[in-house]
Amino acid sequence: MRKMLVVALALALVSGVSNLARAEERVLFSFEKDTQGWEIPEWALEQEDHVGKTLEVSKDAAKDGKSSLKLTAAFPGKAWTAALAEDFEYFDWTPYKAISVDVYIPKEAPIGLKAKIVVTVGESWKWTEMARTIPLVPGEWVTISANLLTGSEDWKRTVVDDNFRKDVRKVAVRIESNKKPEYSGPIYIDNVRLTK
Ligand SMILES: [Ca+2]
């Protein structure tokens, strides 16, 4: 009896914690019905080192809900190339401390691809990349996360102050192959979210 009580308490605790975690997050994009404004920008389609071909919603893989954004790319290897998908929208992320996204590549995909978040911020439309790129793992969802708070060192060549997260104009995910690997196929993006 006591054992059952302990189990019941533990379960209540776990579900309470997961509810709390959910309340602290705001999912911006889950791509359940459509691409929600995300696209491969025109300039990227024209640039030789940008190798993203198509962008659509797919039920092949999902981290949140039943579908995700499927970015199909053809990385040739031997040179730095990237595939980028972005959303152009005015955001005020003041209440939040971090932005995250989950990225998946199929288990048949090679190792070596990396991903980062890129935001465009402020009056001057400053292109701001994450300082790090995160290795993708074939067959697994990998979370890419960056701190938005004043003093954050997660953004390349950027002094982050309070205005940074107040005026975000674009959010993008970039997948990179730095000379290797060579890969033609899908990359799945889901669960773009803010954390309080
Ligand atoms: Ca989803």
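This is a short walk through one predicted model, from the overall layout to a few individual residues.

Let's start with the layout. The chain has three helices and eleven strands. What is the order from the N terminus? It runs α-β-α-β-β-β-β-β-β-β-β-α-β-β. The chain holds 196 residues, and buried ones make up 30% of them. Now the contacts. Take those with a separation of 6 or more. Residues 24 or more positions apart account for 72% of them.

Next, the core. The largest nonpolar core has 42 residues. Which members touch the most others? They are A85, V103, I117, I187 and I189. Several strands feed this core with at least two residues each: β3, β4, β5, β6, β9, β10 and β11. In sequence, β3 spans 68-75, β4 spans 80-91 and β5 spans 98-104. Then β6 covers 114-121, and β9 covers 141-147. Which strand gives the largest share? That is β11, with five residues.

Stay with I187 for a moment. Set aside its neighbours within four places in sequence. What does I187 still contact? The list is L71, A73, A83, V103, I105 and I175. V103 is on that list, and V103 is also one of the core members that touch the most others.

On to strand pairing, with β10 as the focus. This strand runs 168-178. β10 pairs with β4 in the antiparallel sense, over ten bridges. Look at A82 for an example: its bridge partner in β10 is E176. β10 also pairs with β6, again antiparallel, over eight bridges. Here V121 stands opposite V168 of β10. So much for the pairing.

Just ahead of that strand, look at D167. Where does D167 sit? It is in the loop between α3, residues 162-166, and β10. Is D167 buried or exposed? Neither label applies: D167 counts as partly exposed, because it has 17 C-beta neighbours inside 10 Å. What does D167 touch, leaving aside neighbours within four places in sequence? Its contacts are V121 and G122. V121, remember, is the residue opposite V168. D167 and T120 make another pair to look at. They are 47 residues apart in sequence, yet their C-alpha atoms are 8.8 Å apart in space.

Now the backbone. Go to the loop between β1, residues 25-29, and α2, residues 42-46. F31 lies in that loop, and so does Q36. Both have positive phi without being glycine. F31 has phi near 55°. Q36 has phi near 50°. What about their surroundings? F31 is buried, because 24 other C-beta atoms lie within 10 Å. Q36 counts as partly exposed, because it has 15 C-beta neighbours inside 10 Å. Two positive phi values in one loop, then, with two burial classes.

One more backbone point. Which peptide bond is cis? The bond from K180 to P181 is, with omega near 5°. P181 is found in the loop between β10 and β11, and β11 covers 183-195. That loop therefore joins two strands we have already met.

To close, three places to look at on screen. Go to I187, with contacts that include L71 and I175. Go to β10, which pairs with β4 over ten bridges and with β6 over eight. And go to the cis bond from K180 to P181.

Conventions:
Residues numbered from 1 in each chain as written. Predicted model: local features only at pLDDT ≥ 70, side-chain atom pairs only at ≥ 80, totals over all residues. Helix = DSSP H or I, 4+ residues; strand = E, 2+ residues; numbered from the N terminus. Buried ≥ 20, exposed ≤ 12 C-beta atoms within 10 Å, placed from the backbone. Contact = placed C-beta atoms within 7 Å. Core = buried A, V, L, I, M, F, W, Y, C linked by C-beta atoms within 7 Å. Pairing = 2+ DSSP bridges.
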